[in-house]
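I opened this notebook to record what I looked up in one protein model. The entries follow the order in which I consulted the structure.

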Amino acid sequence: MVRRITVVLTLVVGLLALSLPALAADEVEVAQALAERGYYLESGVDIDGDEASELVAAARREGSAFHMAVLSDDPDGGATFFAERVYQLLENSNLVTGGVVVVFTPFEVGYFAADDVFDSSDLD
């Protein structure tokens, strides 16, 4: 399970290296998309909605409340800080309890989890 997710996540990061720069993502917009469909794809990334939906579904089948944001540029403060802010927006709005928010950028993967579903080695 973890190996399969790790391989898929590695492919996503590789695709992101080819992404075009765009405006900085807005945490509120990202949180709304994660609440609605489990993923957010910024304009210019090289993954489509079907692929993102499949990744989220695969992680959720393994028992995680998995949320994924794919950004075309590194957010201010880094991917981990962005993931934490988005998670807190979701939690404060009672849209999520537990699980993980993972943020992929062309050069970084960051996450925030309220539980121990993943650790950094699973996301490398």
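Entry 1, elements. I took helices (H or I, at least four residues) and strands (E, at least two) as DSSP runs, numbered from the N terminus. The model is a predicted one. Read from the N terminus, its elements follow the order α-α-β-α-β-α-β-β-α. I noted 5 helices and 4 strands for the protein.

Entry 2, overall figures. The protein has 124 residues, and buried residues make up 40% of them. I then looked up its exposed area, which is about 6500 Å², with carbon and sulfur atoms supplying 50% of it. For contacts between residues at least 6 apart in sequence, I recorded that 65% join residues at least 24 apart.

Entry 3, aromatic rings. How many aromatic pairs does a search of the whole structure find? I noted 1 aromatic pair. Its members are Y87 and F112, with ring centres 5.2 Å apart and planes at 55°, so I entered the pair as tilted. Planes count as edge-to-face only over 60 degrees and as stacked under 30. Y87 belongs to helix α4 (residues 79-92) and F112 to strand β4 (residues 109-113); the pair links distant parts of the chain, 25 residues apart.

I also checked the cover of each ring-bearing residue. Y87 is buried because its relative accessibility is 2%, and buried means under 20%. F112, with a relative accessible area of 22%, is partly exposed.

Entry 4, salt bridges. In general, side chains of opposite charge can pair when their charged atoms come close. I recorded 2 salt bridges in the structure.

One of them joins the side chains of R85 and E27, at 2.5 Å from N to O. R85 lies in helix α4 and E27 in helix α2 (residues 27-37), so this pair ties together parts that are 58 residues apart in sequence. Are its two members buried or partly exposed? R85 is partly exposed, at a relative accessible area of 23%, and E27 is partly exposed as well, at 22%.

The side chains of R37 and E36 also meet in a salt bridge, at 3.9 Å from N to O; the cut-off I applied is 4 Å. For R37 I noted 40% relative accessibility, which counts as partly exposed. E36 has a relative accessible area of 63% and is therefore exposed.

Entry 5, charge over a ring. I returned to R37 to look at a ring beside its charged end. That charged end sits over the ring of Y39, 5.2 Å from the ring centre. R37 thus appears in my notes both in the salt bridge with E36 and over the ring of Y39.

Notes. Residues are numbered from 1 along each chain as its sequence is written. This is a predicted model: local features need pLDDT of at least 70, side-chain atom pairs count only at pLDDT 80 or more; totals for chains, interfaces and linings use all residues. Side-chain values use heavy atoms; hydrogens and water are left out. Rings of Phe, Tyr and Trp (its six-membered ring) pair if their centres lie within 6.5 Å; planes under 30 degrees apart count as stacked, over 60 as edge-to-face and the rest as tilted. Buried means under 20% relative accessible area, exposed over 50%, partly exposed in between (1.4 Å probe, protein chains only). A charge sits over a ring if NZ of Lys or CZ of Arg is within 6 Å of the ring centre and within 35 degrees of the ring normal. Contact means heavy atoms within 4.5 Å. Accessible areas come from the Shrake-Rupley method with a 1.4 Å probe; for residues, only the protein chains shown count as cover.
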